[in-house]
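Student: I would like to learn how to read a structure, one feature at a time.
Tutor: Then take a look at this one.

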Amino acid sequence: MVDPLPVHVNREELHEIAVPTSFETTGTFDVRLVNHGQPLHVHLHLDDDLSTVASLEATNHYVDGESERRVTITVRDGATVHGKLKVVSGYGAQTRYVDVIVTEPDEEEGSVRVDESLAEPQPVAADQTEGLVADGPVVPVAALAIGALVVAAGIAFALQAFVVGLGALVVLAGVIVALYVLFVE
């Protein structure tokens, strides 16, 4: 992410603006409005060249006293241009211009080199295959099985049904065998 463009207002006197003479970016950036004094409005305007590749949601921004506000200037991907950002405070009391240079990002930045070897299957190391079953969702499965047993036992008790009780015992035996296989072997 590009560092924000700093704009200081009200530092020494009312409506004073301090901005760098130029600002270089490779894409979308923030304007950091820092107010050192009384609340005021700061107007931002993109010149014709800059507005062909960049945009602002709003141009007039209220900045509380002794506070900071960030305004995003969205730049179209891959755009290059040299333009000016006009900064106005106090409805025209002070005006400053910043040369904004939008360049293409370096090719190295964020790029990934892909070749044919990516399509070939990669060998799996022996230590990666061990423990795959043990790493699975054992606790949730065991909890669901125990919950099912409790429900089955409750139904068997309520209905006094021998078959339901026998089914609950079979499920319990299955859970015990499964846990044995997962943890002992």
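Student: Which residues form a nonpolar patch on the surface?
Tutor: Some ground rules come before the patch. This is a predicted model, in which local features need pLDDT of at least 70 and side-chain atom pairs count only at pLDDT 80 or more, while totals for chains, interfaces and linings use all residues. Residues are numbered from 1 along each chain as its sequence is written, and side-chain values use heavy atoms, with hydrogens and water left out.
Tutor: A patch is made of residues with over 30% relative accessible area and no salt bridge; like charges are joined within 9 Å, and nonpolar side chains (Val, Leu, Ile, Met, Phe, Trp, Tyr) within 5 Å. A salt bridge is a side-chain nitrogen of Lys or Arg within 4 Å of a carboxyl oxygen of Asp or Glu. Accessible areas come from the Shrake-Rupley method with a 1.4 Å probe, and for residues only the protein chains shown count as cover. Here the patch consists of Phe-162, Val-163, Leu-166, Leu-169, Val-170, Leu-172 and Ile-176, with about 740 Å² of accessible area together.

Student: Is Phe-162 buried or exposed?
Tutor: Buried means under 20% relative accessible area, exposed over 50%, and partly exposed in between (1.4 Å probe, protein chains only). Phe-162 counts as exposed because its relative accessibility is 66%. Phe-162 lies in helix α4, residues 162-184. Helices (H or I, at least four residues) and strands (E, at least two) are DSSP runs, numbered from the N terminus.

Student: How many aromatic pairs does the structure hold?
Tutor: A pair of aromatic rings is described by the distance of the centres and the angle of the planes. Rings of Phe, Tyr and Trp (its six-membered ring) pair if their centres lie within 6.5 Å; planes under 30 degrees apart count as stacked, over 60 as edge-to-face and the rest as tilted. The structure holds 1 such pair. The ring centres of Phe-23 and Phe-29 are 4.9 Å apart and the planes are at 45 degrees, so the pair is tilted. Phe-23 is buried at 10% relative accessibility, and Phe-29 is buried at 1%.

Student: What is the order of the strands in the open sheet?
Tutor: Two strands pair if DSSP finds at least two bridges between them. The order of the 5 strands is β2-β1-β4-β8-β6, with mixed pairing. β2 and β6 (54-56) each have a single partner strand, so one side of each is left without a neighbour in the sheet.
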